[in-house]
Amino acid sequence: MARQDSKRDRLDTLEKKLSASRQRHQPDDNQGRANANMLGLAWRLTVEMLAGIGVGGFIGWWIDKVLGTEPIFMLLLLVLGMGAGLMNSVRTVAEMRRKQDELDAARKISAAADDEE
Amino acid sequence: MAGKSGAEGGAGIDPMHQFEVHPIIELPSIAGIDTSFTNSSLWMVLAVGLASLFMIFASRRTAIVPGRMQLMGEMAYSFIANMIKENVGTEGMKYFPFIFSLFMFILFCNMLGMLPYSFTVTSHLIVTFALAATVFLLITGVGFARHGIGFLKLFVPSGIPVFLLPLLVLIEVISYLTRPVSLSVRLFGNMMAGHTMLKIFGGFVVGLGSAGLVPLAIAPFALMVAFTGLELLIAGLQAYVFTILTCIYLNEAIHMDH
């Protein structure tokens with residue numbers, strides 16, 4: 001079992017090295033993709049925050065309409081919706097950061113391997 | 001797009017005209033719902049048809065050394081298969097048919113929308129919302145089928161003081177409910193904004209050109225060429241983003257971790 005694990009570990013490192021080296025050999029393509037990713041990220045965060053406010057407001061408005069308590073719930077859920085939107089955005093950025101760190105780590109491994117050779 | 005704007009003539013260009021839905025075959029409404037076959041339906045059918053044709057041709061003659069079509073088909077397959085394996089794990093491959101169809105449909109709709117005189121199905125919020133709502137309901141269903149009532153634990157963050165818990169659960173529930181909205185608005189917004197922009201720049205080219213200021217029309221024309229390239233990128237990218245977010249949500253429903 002232990003041997004199999006180490007084999008899998010080695011395969012994983014190889015995979016990481018391969019992907020990192022692929023990345024290094026396509027710099028032009030990467031630059032364009034990175035820009036597109038930043039654009040995509042900006043869009044994602046904006047939409048995420050707006051969606052939170054919109055959905056919160058809508059649910060509140062609907063509860064108010066059913067209970068006849070305008071505008072208590074709408075205001076309450078509007079604020080909660082802002083919180084939800086903000087939380088979604090923070091999560092998105094945290095996720096992006098985790099991925100970037102993984103990529104950097106992989107790059108370091110492959111750079112170290114190159115030095116050995 | 002340039003040809004499209006030109007056909008409609010000079011100053012009176014309406015950049016929103018391209019988004020109009022009109023019936024091609026009038027059908028009676030059933031229970032108050034208009035069931036007419038519209039230009040939107042036509043382009044959806046075309047997208048489904050072309051995507052199916054593409055995959056049928058790609059897998060018609062399978063060789064060990066793939067031909068051009070087979071290579072493209074295999075690339076599309078492995079692109080989505082890798083996306084699922086990376087984001088969901090091997091259990092996610094059960095849902096491969098759904099995610100692959102979703103990706104191909106959105107990609108073909110976006111790409112067909114880039115053709116002059118075509119109609120961009122995904123530039124309508126109701127279409128993207130229907131797609132996102134399907135994804136949302138399916139994934140919620142998967143979550144409850146896998147974890148039963150325990151799926152609700154997704155809304156209870158760990159390591160939070162008890163007095164804050166009710167507030168955070170509420171926020172978590174709202175954040176979960178925003179998913180179909182943000183998913184659909186993102187795709188719709190990108191497609192609509194891009195196509196409107198192309199139309200406006202096309203209007204500049206034709207307007208300046210017909211006013212006899214042809215040298216001046218070169219600048220918006222060059223911008224339009226660049227924007228068309230960017231739009232092609234966005235068309236692909238947005239299909240990718242929609243699919244990868246579906247994978248991320250699916251992963252959460254299966255493994256229940258943030």
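This passage describes the helices, the loops and the nonpolar cores of a predicted model. Residues are numbered from 1 along each chain as its sequence is written, and chains are lettered from A, with ligands numbered from 1, in the order in which they are written. Because the model is predicted, local features need pLDDT of at least 70 and side-chain atom pairs count only at pLDDT 80 or more, while totals for chains, interfaces and linings use all residues.

Chain A contains three helices and zero strands, where helices (H or I, at least four residues) and strands (E, at least two) are DSSP runs numbered from the N terminus, and its pattern along the sequence is α-α-α. Of its 117 residues, 17% count as buried, a residue being buried if 20 or more other C-beta atoms, placed from the backbone, lie within 10 Å of its own, exposed if 12 or fewer do, and partly exposed in between. In the loop between helix H2 (27–67) and helix H3 (72–116) of chain A lies A:Pro71, and the peptide bond that leads from A:Glu70 to A:Pro71 is cis, with omega near -10°.

In chain B, the loop between helix H4 (96–112) and helix H5 (125–147) holds B:Tyr117, which has a positive phi of about 70° although it is not a glycine. B:Tyr117 is exposed, with 9 other C-beta atoms within 10 Å.

The axes of H5(B) and helix H6 (residues 165–210) of chain B come within 8 Å and cross at roughly 140°; axes are lines fitted to C-alpha atoms, for helices over the stretch in contact, and angles run from 0 to 180 degrees between N-to-C directions. Among the residues that make this contact (C-beta atoms, placed from the backbone, within 7 Å) are B:Phe129 and B:Ala132 of H5(B) and B:Leu183 and B:Leu187 of H6(B).

The largest nonpolar core, a set of buried Ala, Val, Leu, Ile, Met, Phe, Trp, Tyr and Cys residues joined through C-beta atoms within 7 Å, has 52 residues, and B:Ala47, B:Ile99 and B:Phe242 are among those with the most contacts inside it. Elements of both chains give two or more residues to this core, including H2 and H3 of chain A and helix H7 (214–255) of chain B. Not counting residues up to four places away in sequence, B:Ala47 touches B:Phe105, B:Phe108, B:Cys109, B:Leu112 and B:Val121. A second, separate core of five residues includes B:Leu198, B:Val205, B:Val206 and B:Met224.

Technical notes
Contact = placed C-beta atoms within 7 Å.
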